[in-house]
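Dear colleague,

Please find the structure below, together with its sequence. I should be grateful if you would keep it open while reading the notes that follow.

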Amino acid sequence: MTIQPNHGASIADIMAIGPGAESIPTWQARCNIKTDSQIRLVKLAHMRYQHPDLDEITTFLEDFGMTIAKKTDDEIWYRGYGVDPYVYYAKKGEKKFLGGAWEVESYQELEK
């Protein structure tokens, strides 16, 4: 099976949110966000959720092009179009967000 990348298009933020939007630096200043202490993320690696019905979430994710990378009785790892081994993890149980994993630029960023 050959995995094809997604060729979606992007538009400028100003087109997506409109001309009256607050700039990011203005918003950061208003919210007292100190950019020098922010962690510089490279990408979202994967998301982790708990679902009561793994068959139902499998149908949903397969509709969006994901495929099963690994499966046990209570857990499923789903692959996307990219090089990552999986992008979504589902565990059987009460519906719940379990977290996410991100890639950072450097070990120093991780230490922040």
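With which residue does Arg-40 form a salt bridge? The partner is Glu-105, and the closest N and O atoms of the two are 3.1 Å apart. Please bear in mind throughout that this is a predicted model. The pair links distant parts of the chain, 65 residues apart. Arg-40 sits in the loop between H2 and E1, while Glu-105 belongs to the loop between strand E5 (96-104) and helix H4 (107-111). Glu-105 has a relative accessibility of 45% and therefore counts as partly exposed.

Salt bridges elsewhere

A search of the whole structure finds four salt bridges. Another of them joins the side chains of Glu-22 and Arg-30, with an N to O distance of 2.8 Å. How accessible are these two residues? Glu-22 is partly exposed, because its relative accessible area is 36%. Arg-30 reaches 55% relative accessibility and so counts as exposed, since the cut-off for that class is over 50%.

Glu-109 and Lys-112 also form a salt bridge, in which the closest N and O atoms are 3.4 Å apart. Here Glu-109 is buried, because its relative accessibility is 10%, and buried means under 20%. Lys-112, by contrast, is partly exposed, with a relative accessible area of 48%.

The nonpolar core

Which residues make up the largest nonpolar core? There are eight in all: Leu-54, Ile-57, Leu-61, Met-66, Ile-76, Tyr-78, Tyr-88 and Ala-90. At least two residues of this core come from each of helix H3 (54-63), strand E3 (75-79) and strand E4 (88-92). H3 supplies the largest share, three residues.

Ile-57 is a useful member of the core to select in the viewer. Leaving aside residues up to four places away in sequence, Ile-57 touches His-51, Tyr-78, Tyr-88 and Ala-90. Of these contacts, Tyr-78, Tyr-88 and Ala-90 are themselves listed in the core.

A nonpolar patch on the surface

Nonpolar side chains are also found at the surface: Ile-39, Leu-41, Leu-44 and Trp-102 make a patch of about 390 Å². Where in the chain does Ile-39 lie? Ile-39 is in the loop between helix H2 (24-30) and strand E1 (41-51), and that loop also holds Arg-40. With 42% relative accessibility, Ile-39 counts as partly exposed, because that class lies between 20% and 50%.

Yours sincerely

Notes:
Residues numbered from 1 in each chain as written. Predicted model: local features only at pLDDT ≥ 70, side-chain atom pairs only at ≥ 80, totals over all residues. Heavy atoms only, no water. Patch = residues over 30% accessible without salt bridge, like charges linked within 9 Å, V, L, I, M, F, W, Y side chains within 5 Å. Areas by Shrake-Rupley, 256 points an atom, 1.4 Å probe, with all protein chains shown as cover. Helix = DSSP H or I, 4+ residues; strand = E, 2+ residues; numbered from the N terminus. Buried < 20%, exposed > 50% of the residue type's maximum accessible area, 1.4 Å probe, protein only. Core = buried A, V, L, I, M, F, W, Y, C linked by side-chain atoms within 4.5 Å. Contact = heavy atoms within 4.5 Å.
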